[in-house]
Amino acid sequence: MTPPGDRLGVEALSAFGLPPLEFVDLAADLGCRYITVFLRTLAMLPLGYPPFSLLDDSRLRADLLAAMDHRGVSISLGDGFLVLPGADMRSFARDLDLMAALGVPRINVVSLDPDLDRTCDQVGTLAELAAQRQIETVIEPVPGLTIGDLSTAIAVLQQVSRPDVRLLVDTMHLVRSGSGAGDISALTPDRIGYAQLCDTTLAPQTDNYAEEAMFERMVPGEGELPLAEILAALPDDVVIGLEVPQRALALAGVGPAERLRPCVEAAQGLLRQRWLSRPRTA
């Protein structure tokens, strides 16, 4: 089993567009080994961060690689890959080239195309392009989207039928879509490629699920999700990214380190509990 401190990362959504070099320092200062990346600015809130483009700025890419090497941080997931109606995933070829150059081991894909069969075809196309660059693909089920729950995601995995296409488990999406730890335990470990950790209430806090998921989640342990059980059901070596956007705190002037430190400490506690309860071998 991977030690607790070696599994944690900070998801880009939690940092609301913090530039890449500062994001590396944030993760390292918090004791996390991983970050996720969007290739362009994720400008979600008016926090005064300068825009950036890893696509267009070769110096920034070089500086990011140097910063990660210096701070002992790596990228665990490349984000921003959407299946859109009428769009061709082959248009992401250059994005994937740059993800590979940054050492990204896997990318995340969600679908906004209501046609499930076309979604499967496009996920397969993207996965093939990614595999040509030694990058795996994970599928994130999100309530309200085309791949909205665990059973649909498994059906897509079966139709795509590639060992390098696996499941991303987001604790909020998992429970809010009606699944839980037992459903994860029923899967073979090789089905799961990544996890995102947060807490929330069992009942929706707003009629707009996307708004809640994108902007207001809770520190692990402060909500109602069965996080210990879900973590126990996950493979022991899967990276766990903290996806805890907290818009109200950010707009109130609370910086990313102060917002995320309680999340890291709570996650470390949960993982330490899992570590201590693991089966002992002679």
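User: What makes β2, helix α3 and β3 a right-handed unit?

Analyst: Happy to explain! A crossover is right-handed if, with the strands pointing away from the viewer, the path from the first strand over the helix to the second runs clockwise; β2, helix α3 (residues 58–71) and β3 make such a right-handed β-α-β unit. This is a predicted model, where local features need pLDDT of at least 70, side-chain atom pairs count only at pLDDT 80 or more, and totals for chains, interfaces and linings use all residues. Residues are numbered from 1 along each chain as its sequence is written, and side-chain values use heavy atoms, leaving out hydrogens and water.

User: Why is the pair of Phe-16 and Phe-215 called stacked?

Analyst: Rings of Phe, Tyr and Trp (its six-membered ring) pair if their centres lie within 6.5 Å; planes under 30 degrees apart count as stacked, over 60 as edge-to-face and the rest as tilted. Phe-16 and Phe-215 have 6.4 Å centre to centre and 20 degrees between the planes, so the pair is stacked.

User: Why is Phe-215 called buried?

Analyst: Buried means under 20% relative accessible area, exposed over 50%, partly exposed in between (1.4 Å probe, protein chains only). Phe-215 has 13% relative accessibility, so Phe-215 counts as buried.

User: What makes the pair of Phe-81 and Phe-92 tilted?

Analyst: The planes of Phe-81 and Phe-92 stand at 55 degrees and the centres are 4.9 Å apart, so this pair is tilted.

User: How do you know that β3 and β4 pair?

Analyst: Strands pair if DSSP finds at least two bridges between them. Four bridges join β3 to β4 (residues 106–111), and these strands run parallel; Phe-81 stands opposite Val-109 in β4.

How values were computed:
Helix = DSSP H or I, 4+ residues; strand = E, 2+ residues; numbered from the N terminus.
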